[in-house]
Amino acid sequence: MLIDFFSQLKKAKIPVSILEFLTLLEALKQGVITPSIDAFYQLARLTLVKDEQYFDRFDQVFGAYFQGIENIITLQPEIPLAWLEKQLQRVLTAEEKAALQKLGGPEALKKRLAELMQEQKGRHEGGKKWLGTGGSSPFGNAGYHPEGIRLGGESAGNRTAIKVWEAREFKDYDSNLALSSRNIKIALRRLRRFARTGSALEFDLDKTIHSTAANAGMLDIQMRPERHNQVKVLLLMDVGGSMDDHVARVAELFSAAKSEFKHLEHYYFHNCVYERLWQSNRRRRDQISATQDIINTYSADYKLIFVGDATMSPYEILSPGGSVEFDNRESGAAWLKRLLNHFPHYAWLNPEPEAVWQYRQSIEMVQNLLQGKMYPVTLAGLESAMRQLSK
Amino acid sequence: MKQTPPLSPSTFNGSSTYIATADLKLAVNAALTLQRPLLIKGEPGTGKTMLAEEVASALKMPLLQWHIKSTTKAQQGLYEYDAVSRLRDSQLGDAKVNDIRNYIIKGVLWQAFEAEEPTVLLIDEIDKADIEFPNDLLREIDRMEFYVYETRELIRAKHRPLVIITSNNEKELPDAFLRRCFFHYIAFPDAATMRSIVAVHHPNLQADLLAAALQSFYQIRSLPGLKKKPSTSELIDWLKLLLADGVSPAALYQSEENVLIPPLHGALLKNEQDLQLFERLVLMNRNHR
């Protein structure tokens, strides 16, 4: 029976493995928990889910699987046992579940329960309003309602059991990231250039042996500087407009790059590079850097990476004055060429899916300007971009 | 996995200075019983590191701590061979140079493995280290043994230590490593748990001051757009300051008509941008009325 539960987790795309499943069974055998569904829920989550972003999905699978299994309930004297006996288990479709409206917070539920207690006279089953079992009324057990009160349980009145897995507390953590930051970092690691600079801190064995031998056997310790990743990166990022759809992915990429490269400089542009760039979007009006200054400041061994969707109207690239923001004296293409001439290692990362590139004229134009060095923001794309840059 | 004798069958039930929720207790006890490492994640300041200290003192087990930095290598947890001082001693004709054991410095894992009683081993902030760091420790944590090449001996744990690993989620951990751990996410405590946590730290707090402080604390936490939401440890610091300052509950109390900037709010919001945002929001609210 638990194998079924396991395969449903697998089906919900939670990364579970057989090893973890066996661990769960072993834990059950060793009696880690007292047999209650709450403890089992905690134990199963503890052993099977290893990232809080999957907690919500786990809660849903758990709720769906164990709905109806739980019926060990002690009852309050006020509600006759027969009402709540599990007789009927209505299986609701997803639409029905969505259609069920929440009645408002726990307080509202309690109040309504009190009212219903006054009205209700007999046993009721499978309905939508009255107390009973198997229905979609918020009251009773074994039924489905997004925010239900489970009757029975602890001493004082009704226990407000918006249970953990039904409350779905971890909804916010769920994100179906195609690119996790770990993946990005591994991809960015391809861009490494180690060099020894700085003060001598590391013991140099080979040199020590040499100079000790030369010193007639008396020890002569030689030190050398540590190896550091010397790669320097200049990141130019497109912001605003059509880039808004890609903000999350670009932010992830940026934070991965920031922790991976020691020498990382970044500037923003809008749609296409012109004579000015800025470092902070909040202060883009008063803190502007001239693109020419950037070319003069950073040496040619910086790797130049553009991040942008290159989606704009063709004259934003081709003609002077084509910018949507200000009157540029020279065309975007001229500025792009100037940058590319100065930095021989460059790449353009495009968050738009590769399949749509051919339908956008501006993407094709930028691609031509860059001699085809445009890559999609996917793992494979990042890797080939980094390989190309490290040549 | 069965070569090592099991741990003493004790269980962890929280302590007088640490409030553990039911699922956290279960996590610790499952890790104890099944002898698996326990990986703890959670917002900063929810007591991840403190957990190991509390478990160790509650179960009366010695605590070994290994604080990870960005430069930490997995090997350093096992042992280090001090070749330089051996070389120096050989120049000086020291007799101990003949035994390589004199130059092997034991790491935290070795210490835990050879301890005469079960220990609690804390690997703190594992995500600070290099991205391959957890993979380098797989075998050691799984089989509880490692090989010392210099002396050609196999070090095997006399007692499997209870390994508690904390992570701040700065880097994602490799799957192979995760599969071997139990995972517990310390969720942010709800108001009731928070009240008992505060009661543990400040037993003499007047009830109404606490209620008022908690109310403004959760209000601040719910503000949209904060870079770093205040956490449990910040709340406790703030309460300490309030107590030291003798602030009255009335100064904290926020009604609909009267929105205040709570006193000493710098202890809650530690980011300059957050502070500005918060002050702006409060002012905006006031001007609206």
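Analyst: A helix is expected to span 1.5 Å times one less than its number of residues. Keep that in mind for this predicted model, starting with helix 2 of chain A.

User: Happy to. What makes the reach of helix 2 of chain A close to the expected one?

Analyst: Helix 2 of chain A has 12 residues, and the distance from its first C-alpha to its last is 16 Å. At 1.5 Å a residue, 16 Å is expected too, so the reach fits the rule of 1.5 Å times one less than the number of residues.

User: Which residues of helix 2 of chain A are called buried, and why are they said to be on the same side?

Analyst: The buried ones are A:Glu20, A:Phe21, A:Thr23, A:Leu24 and A:Ala27. They earn the name because a buried residue has 20 or more other C-beta atoms within 10 Å of its own. They lie on the same side of helix 2 of chain A because their arc around the axis is only 155°. On the face turned away from that buried side you will find the exposed residues A:Ile18, A:Leu19, A:Leu22 and A:Lys29.

User: What covers the buried residues of helix 2 of chain A?

Analyst: Both chains contribute to the cover. From chain A it includes helix 1 (2-11) and helix 3, and from chain B helix 1 (22-34) and helix 8 (175-179). Just after helix 2 of chain A comes A:Gly31, with a positive phi near 65°.

User: How many residues of chain A are in contact with chain B, and what are they like?

Analyst: There are 28 from chain A, in contact with 24 of chain B. Helix 2 (18-29), helix 3 (37-48) and helix 9 (181-188) of chain A each give at least two residues to the touching side. That side of chain A holds 14 nonpolar, seven polar and seven charged residues.

User: Why is B:Ala176 called partly exposed?

Analyst: B:Ala176, in helix 8 of chain B, has 13 other C-beta atoms within 10 Å. Exposed means 12 or fewer and buried means 20 or more, so a count of 13 falls in between. Apart from neighbours within four places in sequence, B:Ala176 is in contact with B:Asn135 and B:Leu138. B:Asn135 is 41 residues away in sequence, yet the C-alpha to C-alpha distance is 7.5 Å.

User: What makes strand 2 and strand 9 of chain B edge strands?

Analyst: Each of them, strand 2 (63-67) and strand 9 (182-186), pairs on one side only. They belong to an open sheet of five strands in chain B, in the order 2-5-8-1-9, with parallel pairing. From one strand to the next, the twist averages 20°.

User: How do you know that strand 1 of chain B pairs with strand 9 of chain B?

Analyst: Five bridges join strand 1 (residues 38-42) to strand 9 of chain B. Pairing asks for at least two bridges, so these strands qualify. As one detail of this region, B:Lys41 stands opposite B:Tyr185 in strand 9 of chain B.

User: Why are A:Gln371 and B:Arg152 called exposed?

Analyst: Exposed means 12 or fewer other C-beta atoms within 10 Å. A:Gln371 has 9 and is therefore exposed, and B:Arg152 has 8, so the term applies there as well. A:Gln371 sits in the loop between helix 15 (361-369) and strand 9 (374-376) of chain A, while B:Arg152 sits in the loop between strand 6 (145-148) and strand 7 (153-156) of chain B. Phi is positive, near 55°, in A:Gln371 and also near 55° in B:Arg152.

Conventions. Residues numbered from 1 in each chain as written. Chains lettered and ligands numbered in written order. Predicted model: local features only at pLDDT ≥ 70, side-chain atom pairs only at ≥ 80, totals over all residues. Contact = placed C-beta atoms within 7 Å. Helix = DSSP H or I, 4+ residues; strand = E, 2+ residues; numbered from the N terminus. Nonpolar A, V, L, I, M, F, W, Y, C, P; charged D, E, K, R; others polar. Arc of directions from axis to C-beta. Axes fitted to C-alpha atoms, helices over the stretch in contact; angles between N-to-C directions.
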